[in-house]
Amino acid sequence: MSTPHVVVVMGVAGTGKTTIGPLLAERLGVPYAEGDDFHPQANIDKMSAGTPLDDEDRRPWLEAIGRWAHSRAGLGGVVSSSALKRSYRDLLRSEAPDAVFLHLTGSRELILDRMSHREGHFMPTSLLDSQFATLQPLQADESGVDVDVSGSPEEITDRAVKALAALDSEQP
């Protein structure tokens, strides 16, 4: 990529944001920030109890991620955030207008299988359906790319780097 973008790695729970984000950041030579670290404790407690977050819960979290992305403007960075709704991505862009979204996509079955094998994460598999119900894919007027999450983390990262480079070459 010719310019140091801030890349927001997005998608439903279990798509590999926490795995792909650091790999992508390493490949791009920029810092990585784990989106889950921006959640207030009340959000973590709510999700741990199996209760989906509402828009009011997400606002301070998204604003904090947006502030981090803004602080990296012109320097580059990678941050994870589910960014499931257009309004959430709009809020992130209000803080960091040049952010680029990398939407990790996959079938519900694949993602459920991956979620059921991970340990130590506060997001229960019972919330996956609510994530898919909330998801609004990237629109044509949003700067970003979709990348399928089948295959190894290295294969997914390779596809992400290529897709982002292609997106970068399309922009004036």
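**Exercise 1.** Determine which residue of β5 stands opposite F101, and place this pair among the neighbours of strand β4.

Solution. In this predicted model, where local features need pLDDT of at least 70, side-chain atom pairs count only at pLDDT 80 or more and totals for chains, interfaces and linings use all residues, F101 stands opposite G144 in β5. Residues are numbered from 1 along each chain as its sequence is written, and side-chain values use heavy atoms, with hydrogens and water left out.

Next, consider the strands themselves, which are DSSP runs of E with at least two residues, while helices are runs of H or I with at least four, both numbered from the N terminus. Strand β5 (residues 144-148) runs parallel to β4 and is joined to it by five bridges; strands count as paired if DSSP finds at least two bridges between them. Strand β1 (residues 6-10) also runs parallel to β4, through four bridges, and M10 has H103 as its bridge partner in β4.

**Exercise 2.** Explain why β4 is described as largely enclosed by the rest of the structure.

Solution. Buried means under 20% relative accessible area, exposed over 50%, and partly exposed in between, with a 1.4 Å probe and protein chains only. Because five of the six residues of β4 (residues 100-105) are buried, the strand is largely enclosed by the rest of the structure.

**Exercise 3.** Locate A83 and state whether it is buried or exposed.

Solution. A83 lies in the loop between β3 (77-80) and α4 (86-95), and A83 has a positive phi of about 45 degrees although it is not a glycine. With a relative accessible area of 0%, A83 is buried.
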